[in-house]
Amino acid sequence: MALDSKNIVDLNLKNDKKILNFSDFQKQSIKFDINKLQEAYNQIVKTKKFDDGGGIPHFGAICLTRIPGDPESVKGHKARGVYWTKPDKSGKEVARDVHINESAYSEFIPDYENTYFKEVFDVLSSKYKLGRVRILLKEPRSTLSWHRDPEPRLHIPIITNPGCLMVIDNVAKHMPADGSVWITNNTKYHNAFNGGEENRIHLVACVLDYKFN
Ligand SMILES: [Fe+2]
């Protein structure tokens with residue numbers, strides 16, 4: 001049977017704009033115990049509340065590291081930190097929030113030393129130069145702004161659902177909660193949303209020595 005050329009779509013697969021490239025989501029070779037991660041999270045939220053980053057809707061963070069001896073270094077705007085966004089039709093980029101001296105966040109907060117997060121922190125900090133390490137909440141039906149950050153981020157999904165995606169540039173990816181560790185290129189414009197009906201919880205660390213090509 002002859003093919004009707006009208007029905008053939010030229011996908012032009014050599015054109016890289018039409019091929020999804022996931023190189024901004026890099027799965028690492030280490031893996032943690034997802035049950036222990038979830039248990040540690042449940043242990044912490046029994047007594048700690050998420051910081052709202054200075055009154056930001058749908059933002060929630062619990063910092064696991066701080067500037068040594070400085071409890072103020074994990075509160076309000078310091079739980080969020082500087083980023084750049086394009087808020088309106090002009091497409092002009094503006095800076096938001098406060099600069100963070102990431103490398104100063106070297107102390108694992110003693111309150112969490114008896115949780116599995118301490119073991120996770122020790123392993124991660126032996127492999128990467130870390131800045132702040134936070135537990136980040138994304139509530140159902142919520143999104144971040146379209147923004148870029150000063151440095152890449154390490155993600156360990158703890159609780160997620162299929163409607164949780166991170167979008168970097170024009171590529172979207174779901175990171176499953178199976179103990180895997182990802183480093184994402186947050187120096188490009190990105191967003192994350194939770195289209196499910198329960199909270200999404202990730203451990204997120206700023207990574208100061210990781211280069212994307
Ligand atoms: Fe970000």
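Let's start with one pair: Ala-61 stands opposite Leu-136 in S7. Ala-61 belongs to a pairing in which four bridges join strand S2, residues 60-63, to S7, and the two run antiparallel. Two strands count as paired if DSSP finds at least two bridges between them. Helices (H or I, at least four residues) and strands (E, at least two) are DSSP runs, numbered from the N terminus.

A word on what you are looking at. This is a predicted model, where local features need pLDDT of at least 70, side-chain atom pairs count only at pLDDT 80 or more, and totals for chains, interfaces and linings use all residues. Residues are numbered from 1 along each chain as its sequence is written.

Now the whole chain. The protein chain has two helices and 15 strands. Its C-alpha trace spans about 75 × 40 × 35 Å along the principal axes. Of its 213 residues, 28% are buried. Buried means 20 or more other C-beta atoms within 10 Å of a residue's own; exposed means 12 or fewer; partly exposed is in between; and the C-beta atoms are placed from the backbone.

Next, the sheet. Six strands form an open sheet, in the order S1-S13-S10-S15-S7-S2, with antiparallel pairing. Which strands sit at the edges? They are S1, residues 25-31, and S2, and each pairs on one side only. Neighbouring strands here are turned by 30° against each other on average, ignoring direction. For angles, axes are lines fitted to C-alpha atoms, for helices over the stretch in contact, and the values run from 0 to 180 degrees between N-to-C directions.

Let's walk across from S1. Four bridges join S1 to strand S13, residues 180-184, and the two are antiparallel. Gln-26 has Ile-183 in S13 as its bridge partner. Ile-183 is also the bridge partner of Leu-154. That second bridge takes us to S10, which pairs with S13 in the antiparallel sense over three bridges. S10 and S15 pair over six bridges, again antiparallel. There, His-155 stands opposite Val-204 in S15. Val-204 is the bridge partner of Arg-134 too. So which strand comes after S15 in the sheet order? It is S7. S7 and S15, residues 200-207, pair antiparallel over seven bridges.

How buried are these strands? Nine of the nine residues of S7, residues 130-138, are buried, so S7 is largely enclosed by the rest of the structure. For S10, six of the seven residues are buried, so S10 is largely enclosed as well.

On to the helices. Helix H2, residues 116-127, has twelve residues. The expected span of a helix is 1.5 Å times one less than its number of residues. For H2 that should be 16 Å, and its end C-alpha atoms are 17 Å apart, which agrees. Which residues of H2 are buried? Phe-117, Val-120, Phe-121 and Leu-124. They cover an arc of only 100° around the axis, which puts them on the same side of H2. That arc is taken from the directions from the helix axis to the C-beta atoms. On the other side of H2, Asp-122 and Ser-126 are exposed. The buried residues of H2 pack against helix H1 (34-45), S6, S7, S10 (153-159) and S15.

Now the core. A nonpolar core is a set of buried Ala, Val, Leu, Ile, Met, Phe, Trp, Tyr and Cys residues joined through C-beta atoms within 7 Å. The largest one has 29 residues, and Leu-64, Ile-135, Leu-203 and Ala-205 touch the most other members. H1, S2, H2, S7, S10 and S15 each give two or more residues to this core. S15 gives the most, with six. Take Ile-135: leaving out residues up to four places away in sequence, Ile-135 touches Tyr-41, Ala-61, Ile-62, Leu-64, Ile-201 and Leu-203. Contact means that two C-beta atoms, placed from the backbone, lie within 7 Å.

Last, a loop residue. Glu-102 lies between strand S5 (94-96) and strand S6 (107-108). Is Glu-102 buried or partly exposed? Partly exposed, because 19 other C-beta atoms lie within 10 Å. Beyond its neighbours within four places in sequence, its contacts are Gly-131, Arg-132, Glu-151, Cys-206 and Leu-208. Glu-102 and Ile-67 are 35 residues apart in sequence, yet 8.9 Å apart in space, C-alpha to C-alpha.
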